[in-house]
Amino acid sequence: MLAVVDMGTTTFHITVAKAEANGDFHIMDSEKANVHLGGLITADAEARAFETMERFIALASAYGASLRVVATSAIRDAGNRGAFLSNMLHKIGIEVEVLTDEEEAYLIYRGVLRALPVHHKITLVIEIGGGSTEFVIGKAGRPIYAASMKLGHARIDDLFHASGGSSDVVGKIQLEQIREYVRDVLKESGIVDHVRNAGCEVVVGSSSTIGSLEQIINHAHAGSYATLLIAEQAHLGVSGYREREFTKDELVGIVQQLCKAKNNEHRAKAFGKRAETLVGGALLLEEIFKALSIQKMKVLPSALREGVIVDTLVKIFPRYEVSPIIRWNSVIRLAKKFYSEETFFAARHSAQLAAVRLNKR
């Protein structure tokens, strides 16, 4: 039993998983809490973080799970991160692992590989967080390129206030200022050239922001927003995963509707509670689509925590292996469900002999 906590800029998440001897694992429980650390971790934010972590520790203990805690851009970039980490260790008893940009991107990619059959394709993964956006290009389980852009949905929301407006109502001038700012950051990052030169075959979006946008688009096709439910459990491994994606045109249409709403109350009524804080992330994603010429994106609500689980199991068990072939994992799981171990291994041996015979022909 393992529990992984992801300390994000605005939200802390915990995922509890049960690992099996065959290298697979299943999500048993998950929770999230809005903490809002911000650029400099204040005393109030620290108190919220401590309260959340005490609750997460209790949840992990209830499952008898060992706990691994990782932190991303909010703590990574905080000027007082040393004091925060020291207080977390001495007051709560938790040692926090602060991920580098590259480590975060790699773990996100690992999480994607576990959920989607993209192992042999050149895959671009984009994860929009509160304080940063991660980009990673990988193929065959190996990251080719990884970069972190210091711009996320929370920083976009800060920009709304900095420009004299409000995240509640988005004016035309303010909207163009935000778009221009995002374009400038993207251009200066150098990410655009790397992505275009890589020749990516698949684009995957991972984060609650992108997952929420996909859910809104999905309900738009169904003709109803009122009963919008953010599917936080859609990442429960292969057995719980359903195909989720949206196109550039669909994204552009939803962004227009989000920005046209009179205020957050109208957004929440039309698109669900999550839409109140979705405008900044939606604008950011739309500009990324345009800059990178993305036409379609597959979606996972979360990948980082799953990647950390895989990474943890690899470190704990020397012989631990996770097959990158998702469909094969599904076949094996089904076979083991209905047949004994002896029958299963006999069937696999027969299949291997048949493959050898075919290769000799």
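1. Let me start at Glu286, which sits in helix H11, residues 279-292. With a relative accessibility of 3%, Glu286 falls in the buried class, because the cut-off for that is under 20%. Bear in mind as you read that this is a predicted model. Apart from neighbours within four places in sequence, Glu286 has contacts with Arg179, Leu251, Val252 and Val255. Arg179 turns up again in a salt-bridge network, whose members are Glu176, Arg179, Arg183, Glu286, Glu287 and Lys290. That is the part I would click on to begin with.

2. Now the overall picture. The protein chain has 14 helices and eleven strands. Of its 361 residues, 48% are buried. If you take the contacts with a separation of 6 or more, 69% of them are between residues 24 or more positions apart. The accessible surface is about 17,400 Å², and carbon and sulfur atoms own 54% of that.

3. Salt bridges deserve a point of their own. In general, side chains with opposite charges can pair when the charged atoms come close. How many salt bridges does a search of the whole structure find? The count is 20. I pick out three pairs below.

4. Asp6 and Arg305 make a salt bridge, with 3.6 Å between the closest N and O atoms. Asp6 belongs to strand E1 (residues 2-7) and Arg305 to helix H12 (residues 304-316), so this pair ties together parts 299 residues apart in sequence. Are these two residues buried or exposed? Both Asp6 and Arg305 are buried.

5. H12 also supplies Asp311, whose salt bridge to Arg110 has its closest N and O atoms 3.2 Å apart. Here Asp311 of helix H12 is linked to Arg110 of helix H4 (residues 101-115), and the two are 201 residues apart. Asp311 has a relative accessible area of 10%, so it counts as buried.

6. The third pair is Arg244 with Glu214, where the side chains meet in a salt bridge at 2.7 Å, N to O. Glu214 is in helix H8 (208-222), while Arg244 is in the loop between H8 and strand E10 (245-247), so the bridge ties together parts 30 residues apart in sequence. Which side of the burial cut-off are they on? Arg244 is buried, at a relative accessible area of 1%, and Glu214 is buried too, at 3% relative accessibility.

7. Back to E1, this time for its strand pairing. E1 and E4 run parallel and share six bridges; for example, Val4 has Arg68 in E4 as its bridge partner. E4 is also joined to strand E5 (residues 96-98), again in the parallel sense, by three bridges. One partner pair there is Val70 with Glu97 in E5. As a reminder while you look at these strands, side chains in a regular strand alternate between the two faces of the sheet.

8. Right by E4 comes Thr72, in the loop between strand E4 (66-71) and helix H2 (73-77). Thr72 is buried, with a relative accessible area of 7%. Leaving out residues up to four places away in sequence, what does Thr72 touch? The list is Asp6, Met7, Gly8, Glu104 and Leu304. Asp6 is the residue that also bridges to Arg305.

9. Helix H7 (residues 191-198) has two sides worth a look. Ile191, Val192 and Val195 are its buried residues. Viewed down the H7 axis, the buried residues fall within an arc of 95°, so they line one face of the helix. Asp193 and Asn197, on the other side of H7, are exposed. What covers the buried residues of H7? The cover includes strand E6 (123-128), strand E7 (133-139), strand E8 (142-149), helix H6 (172-189) and H11. H11 is also the helix that holds Glu286. Just after H7, Gly199 has a positive phi of about 65°.

10. Last, a surface item. Leu334, Phe338 and Tyr339 make up a nonpolar patch on the surface, and their accessible area together is about 380 Å². Phe338 is part of helix H13, residues 326-338. Its relative accessibility is 57%, so Phe338 counts as exposed, the cut-off being over 50%.

How values were computed
Residues are numbered from 1 along each chain as its sequence is written. This is a predicted model: local features need pLDDT of at least 70, side-chain atom pairs count only at pLDDT 80 or more; totals for chains, interfaces and linings use all residues. Side-chain values use heavy atoms; hydrogens and water are left out. Helices (H or I, at least four residues) and strands (E, at least two) are DSSP runs, numbered from the N terminus. Buried means under 20% relative accessible area, exposed over 50%, partly exposed in between (1.4 Å probe, protein chains only). Contact means heavy atoms within 4.5 Å. Accessible areas come from the Shrake-Rupley method with a 1.4 Å probe; for residues, only the protein chains shown count as cover. Patches are made of residues with over 30% relative accessible area and no salt bridge: like charges are joined within 9 Å, nonpolar side chains (Val, Leu, Ile, Met, Phe, Trp, Tyr) within 5 Å. A salt bridge is a side-chain nitrogen of Lys or Arg within 4 Å of a carboxyl oxygen of Asp or Glu. The arc is that of the directions from the helix axis to the C-beta atoms. Two strands pair if DSSP finds at least two bridges between them.
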